[in-house]
Structure formats: C-alpha cells, structure tokens
Amino acid sequence: MRSLVRGLVAGAAGTTVLNATTYLDMALTGRSASSAPADTVTAAADLAHLDLPTAGSREEAYGALAGLGVGVGVGAVAALVRSAGVRLPWLAESAVIGFGAMAATDGPMAVLQVTDLTTWSATDWGRDVVPHLVYGAAVACALRVTEPDDERDDEGPARPGRLLLRSLAIGLATGARSSWGLVPPGLVAGKAPLALAGGLVGTELVFDKLPSTPSRVGGPTVARVLSAAGGAGVLARHEGAAGVWPAVAAGAVGAVAGTILGSVWRDLCADRSWEAAGAVVEDAVSAALTAYAVAA
C-alpha cells in the first residue's frame, strides 16, 4: 500500500512538471493548446456509447483530467514495479517511465484515430517527447526521495557501476553547463565553496542565453572536460572508491558527449525558433543529471 501511495505522489509530481514544461513552451512560442486530449476522451466516450455533456469548456476539462489520470496512474505502476524488485539506473528508469507515459497518451489517440502519428513533424515529436522525458525524470526522482532507507540498499547495480553512471551523469551535465562540474567539489569542501559553485552555475545559466555567448564546441570543450573529470574524481574519492581514474574517464567521456548533444539540440531549437525554450529544457536536464550524480 505504501508503494502505491508513493507512486501516486510521484505521478502527481511528474504530471505537474510535465504541465509546467508544456505551458512554458506555449508561453515562449505562443502556440495554442492541443485539442488532442479532449478529442481522445470524446472519441472514447463515443465508442463506449456514453453521452458526455460537452457544453462550455467541459471537453477541455475532460482532456485535462484524462492527462492527470494517466500521469498519476503511470507513477503508481512505476512504484509497484520498483517495489517488486525491478531496479534500473536513474537515467534508464526515467526514460522507461517517460516513454511509457508517452505510449499511454499517444496510443489511444492513434487507435481512436484522433491523430495520425505518421504525419507528425519533428517539431510535433519534440513537443511530445521532451515533456514526457522530463515527467519520467521527475517521477524517478520522487520515487527515490520517498523510498524507505531499508529499500535503498538493494537498489541498482553494484556500487562501482553506480559510481560510473553518476560520473557519466556529471559529465553530461557539464557538457551542457561547464560549471556543474564544480558542484561535487563544492559539496565536499563545505558551505562557502558550494555557495561559490552555485553562484558560478547561476551566472552561467544567465550568460548562456545571451546572443554573444560563443559556441561550446572547440576550445571551451577542453574546459568542460576538465571540469567534469575533476568533479567525477572528487566524487569517486569522497565515496571511497578503490579506483578514481575510471570515474574520471567516465566524467570526461560524458562531457564530450554532453557538449556535442547540447550543441546539436540548440541548433535544432534555433532552426525552429525555440532558442529560449531549448535553453531552459537543457538547463532542467543538466540540473537533474547533477542532482542524480550527487544524491544517488
């Protein structure tokens, strides 16, 4: 019963984050809300021969309630699966939950012929995939935060494997924002260094949005690799790992991958006039990766 309650809470948290991501996109781009959720509920009611009142804003409300139901329901299923002993690394679990929620949403739309998924553009898919991945990350985080201590000891792969995943996560985050690599040393060193690292992160989050900010590819990549490798090394030493260098290597590899992926993502967003939205999404993803790296 406790697992079910935790899942409902996690699903509600994930749904809130998903809605916030969607509304942020609407605020930045000016696009209108999708009618697909409401159309899906109406189509399902017609199939079941139910006569739902549709006057006023009822159809929009039906769509919103259906979305909340899917979000909370997927969170509950994820918690029950987790309590049954299926434990995945945070990144993998986030992706599974996110794409599971996406399938639970898009599947009925396709079956009921509300939309033809084969005609969706890259922009349409982006606006569907990104919020659901953010949802998955939020649910996975909430499940971990609310999990009893006696259940956390058996989670995931062996400690060295988790440490490499965390090092890779800090590398990916640093590829997006170079100052994230300073967070692990800041946490280890104390309040003042951590405050300094936080200040540098905040400054970079602001300056990253300026048109005059140079490309991260090229010379700046070296700084990102060094920051990630250093952060992963400090993390490994603080954890008492037998070998620091594998974590350093994972951090460096993650930084290179994060730099390339981030650059591709921002170019894709620029082509579709999503500059601000793309930057904010990248901020959120890199922050989530850092949170996993230092808290897992």
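Student: Why is L4 called partly exposed?

Tutor: In this predicted model, L4 has a relative accessible area of 31%. Buried would need a value under 20% and exposed a value over 50%, with partly exposed in between, so L4, at 31%, is partly exposed. L4 is found in helix α1.

Student: What makes L4 eligible for a nonpolar surface patch, and which residues make that patch?

Tutor: A patch residue needs over 30% relative accessible area, and L4 has 31%. The patch of about 550 Å² is made by M1, L4, V5, L8, V9 and L80. Helix α1, which spans residues 2-29, gives the most to this patch, with 4 residues.

Student: How many aromatic pairs does the structure hold, and why is the pair of W90 and Y292 called stacked?

Tutor: The structure holds 2 aromatic pairs. For W90 and Y292 the distance is 5.3 Å centre to centre, with 15° between the planes. Rings pair if their centres lie within 6.5 Å, and planes under 30 degrees apart count as stacked, so the values of W90 and Y292 meet both conditions.

Student: Where do W90 and Y292 lie, and what does the pair tie together?

Tutor: W90 lies in helix α4 (residues 90-111) and Y292 in helix α12 (residues 275-295), so the pair ties together parts that are 202 residues apart in sequence.

Student: Are W90 and Y292 buried or exposed, and how do you know that?

Tutor: The relative accessibility of W90 is 3% and that of Y292 is 9%. Buried means under 20%, so W90 counts as buried, and Y292 counts as buried.

Student: What makes the pair of W120 and W125 tilted?

Tutor: The ring centres of W120 and W125 are 4.7 Å apart, and their planes stand at 55°. Stacked requires an angle under 30 degrees and edge-to-face one over 60, while the rest count as tilted, so 55° makes this pair tilted. W125 has a relative accessible area of 30% and is partly exposed.

Student: How do you know that R82 and E93 form a salt bridge?

Tutor: The closest N and O atoms of R82 and E93 are 3.2 Å apart. The rule asks for a side-chain nitrogen of Lys or Arg within 4 Å of a carboxyl oxygen of Asp or Glu, so R82 and E93 satisfy it. The pair links distant parts of the chain, with R82 in helix α3 (residues 58-83) and E93 in helix α4, 11 residues apart.

Student: What other partner does E93 have, and which residues belong to the network?

Tutor: R144 also forms a salt bridge with E93, the closest N and O atoms being 2.3 Å apart. Here R144 sits in helix α5 (residues 122-145) and E93 in helix α4, 51 residues apart. Together, R82, E93, R144 and E147 are linked in a network of salt bridges. Buried means under 20%, so R82 at 1% counts as buried, as do E93 at 6% and R144 at 15%.

Student: Why does R224 have no salt bridge?

Tutor: R224 has its place in helix α10 (residues 219-238), and its nearest side chain of opposite charge, E204, is 4.2 Å away. A salt bridge needs a distance within 4 Å, so R224, although buried, has none.

Student: How do you know that E204 is still in contact with R224?

Tutor: Contact means heavy atoms within 4.5 Å, so the 4.2 Å between R224 and E204 qualifies. Leaving aside neighbours within four places in sequence, the contacts of R224 include E204, R177 and T259.

Student: What is notable about phi at H49, and why is H49 called exposed?

Tutor: H49 has a positive phi of about 60° although it is not a glycine. Most residues other than glycine have a negative phi. H49 has its place in the loop between α2 (36-47) and α3. Exposed means over 50%, so H49, at 74%, is exposed.

Note on methods
Residues numbered from 1 in each chain as written. Predicted model: local features only at pLDDT ≥ 70, side-chain atom pairs only at ≥ 80, totals over all residues. Heavy atoms only, no water. Helix = DSSP H or I, 4+ residues; strand = E, 2+ residues; numbered from the N terminus. Buried < 20%, exposed > 50% of the residue type's maximum accessible area, 1.4 Å probe, protein only. Lys, Arg positive; Asp, Glu negative; His and termini not counted. Patch = residues over 30% accessible without salt bridge, like charges linked within 9 Å, V, L, I, M, F, W, Y side chains within 5 Å. Areas by Shrake-Rupley, 256 points an atom, 1.4 Å probe, with all protein chains shown as cover. Phe/Tyr/Trp six-rings, centres within 6.5 Å; stacked < 30°, edge-to-face > 60°.
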